[in-house]
Amino acid sequence: MKQLQMDKNDAKGKQKANLKKKFKPGKKQKGKQKAKPDKDSDESEDERGTVPLKETRISDEPIPKKSKWTNKQRVLVLCARGINHRDRHLMRDLRTLMPHHRAEPKMERWKTLSVVNEMSEMKHCNKVVLFEGRRKRDLYMWLANAGVGPSVKFLVENIHTMGEMKLTGNCLRGSRPLLSFSEDFTKQPHLVLIKELLVQIFGVPNHHPKSQPFIDRVITFTYLDNRIWYRHFQILSEDGGLTEIGPRFVMNPIKIFSGSFGGDPIWENADYQSPAKHRQMLRKAASEKYLQRTKKKVDQQVNAPKNTHKLIPHGDIFRDDVDKRAKVLLKQEQKQEKLQQEREKIEKRQKIMAERDAMRKLKLATAKKSASSKKLPTRKELARKREGDDRGAKKTFNGVKKGAKGAKGKKMANVK
């Protein structure tokens with residue numbers, strides 16, 4: 001009992017000693033005072049609770065305002081190591097055109113694509129644009145809805161950046177674009193899904209803090225030849241005048257996956273051909289051309305005629321025995337000479353016959369002309385002709401006799 005009393009006295013003494021210690025007064029905080037707990041906790045909660053709404057509202061009361069920036073889409077734009085300088089400039093151009101983007105340094109090659117979902121969560125992004133390079137030649141682009149899906153893989157072709165093209169178009173940095181799509185995007189189901197992804201990624205949200213409240217440019221997506229063609233224009237006038245700004249590229253869709261950077265493939269392009277295989281086909285075609293050329297040369301050598309043109313008339317003499325060949329050639333020459341002589345005779349006969357025919361024709365023609373020019377004589381003319389003929393015959397007879405006598409006299413004179 002004595003021990004218990006001693007313990008109690010010690011405890012009281014310690015308590016008294018502790019109470020005698022002086023504490024420094026604490027600094028009073030302005031405006032902040034600790035609320036003392038009430039006895040009736042239920043009553044205090046009812047008093048501090050929300051005020052119940054009125055059954056009727058007066059029309060003059062102001063309507064509670066909402067924040068203007070409701071569509072809070074953020075796009076993570078990044079690339080993997082191994083892309084070309086031109087691909088890097090294309091990524092930079094797309095970043096300048098999208099004020100709602102978030103940048104990220106290059107991703108290592110050994111990392112899997114699932115890491116991109118974690119990066120988008122850390123950056124508070126809803127959409128992702130990822131560029132992958134292969135062999136410093138080919139560029140692949142992923143468009144994905146982060147975390148949920150779906151995701152689309154494209155092969156980017158025919159890249160032309162803004163700095164490379166040097167076009168005349170220009171627009172306000174951070175302005176909102178109009179997105180125009182061709183009619184084909186409403187006809188096929190996989191194109192409808194791609195269109196929705198493109199709208200959510202490339203469309204700048206209204207009242208975004210980094211955007212400008214102007215619409216002075218147009219981004220067109222046209223579906224042609226199983227590819228999507230991207231073009232960027234500036235609006236010059238309300239009538240529809242446009243000038244191209246750039247960049248421009250072509251997206252060839254490869255696959256659509258149900259998840260974000262993975263999952264089951266929903267759609268696959270049957271007409272797609274990888275660029276490596278395309279280059280292999282071109283190399284094969286070039287090698288086939290060389291093989292065809294060599295085959296032609298071999299065929300020409302095999303099928304070449306053994307007996308070429310006879311350039312020398314006596315070139316076949318030295319083939320067989322010289323005597324036999326000479327006799328054959330002599331016979332051929334003799335035959336040719338005989339044939340030539342016969343031809344000449346026939347030609348001479350033909351010429352003579354042609355001349356005779358021509359003479360006959362001339363005679364006939366002259367006779368016809370003379371007959372047509374002469375007239376039939378009358379009876380008096382015929383009688384006169386007869387009388388004239390008789391007189392002429394007598395004169396000639398007498399003249400012949402006189403001439404004979406004179407010739408005889410001359411001869412006799414010469415003889416004497």
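Modeller: The term pLDDT denotes the predictor's confidence in each residue, from 0 to 100. The mean pLDDT of this chain is 81, and 74% of its residues reach 70 or more. Over residues 10–23 the pLDDT is below 50, and beyond near neighbours in sequence this stretch has zero contacts in the model (a contact means heavy atoms within 4.5 Å). This is a predicted model, in which local features need pLDDT of at least 70 and side-chain atom pairs count only at pLDDT 80 or more, while totals for chains, interfaces and linings use all residues. Residues are numbered from 1 along each chain as its sequence is written, and side-chain values use heavy atoms, with hydrogens and water left out.

Biologist: What makes Phe-202 and Phe-221 an aromatic pair, and why is the pair called tilted?

Modeller: Rings of Phe, Tyr and Trp (its six-membered ring) pair if their centres lie within 6.5 Å; planes under 30 degrees apart count as stacked, over 60 as edge-to-face and the rest as tilted. The centres of Phe-202 and Phe-221 are 5.7 Å apart with 55 degrees between the planes, and the pair is therefore tilted.

Biologist: Why is Phe-202 called buried or exposed?

Modeller: Buried means under 20% relative accessible area, exposed over 50%, and partly exposed in between (1.4 Å probe, protein chains only). Phe-202 has 4% relative accessibility, so Phe-202 counts as buried. Tyr-230, at 0%, is likewise buried. Phe-202 and Tyr-230 also form a tilted aromatic pair, 5.8 Å centre to centre with 45 degrees between the planes.

Biologist: How do you know that Arg-86 and Glu-164 meet in a salt bridge?

Modeller: A salt bridge is a side-chain nitrogen of Lys or Arg within 4 Å of a carboxyl oxygen of Asp or Glu. For Arg-86 and Glu-164 the N to O distance is 3.7 Å, so the pair qualifies. Arg-86 lies in helix H3 (residues 85–97) and Glu-164 in helix H5 (residues 162–165), so the bridge ties together parts that are 78 residues apart in sequence. Helices (H or I, at least four residues) and strands (E, at least two) are DSSP runs, numbered from the N terminus.

Biologist: What joins Glu-157, Asp-225 and Arg-227 into one network?

Modeller: Salt bridges that share partners join these residues. Arg-227 meets Glu-157 at 3.1 Å, N to O, and Asp-225 at 3.6 Å between the closest N and O atoms. Asp-225 is exposed, with a relative accessible area of 55%, whereas Arg-227 is partly exposed at 23%.
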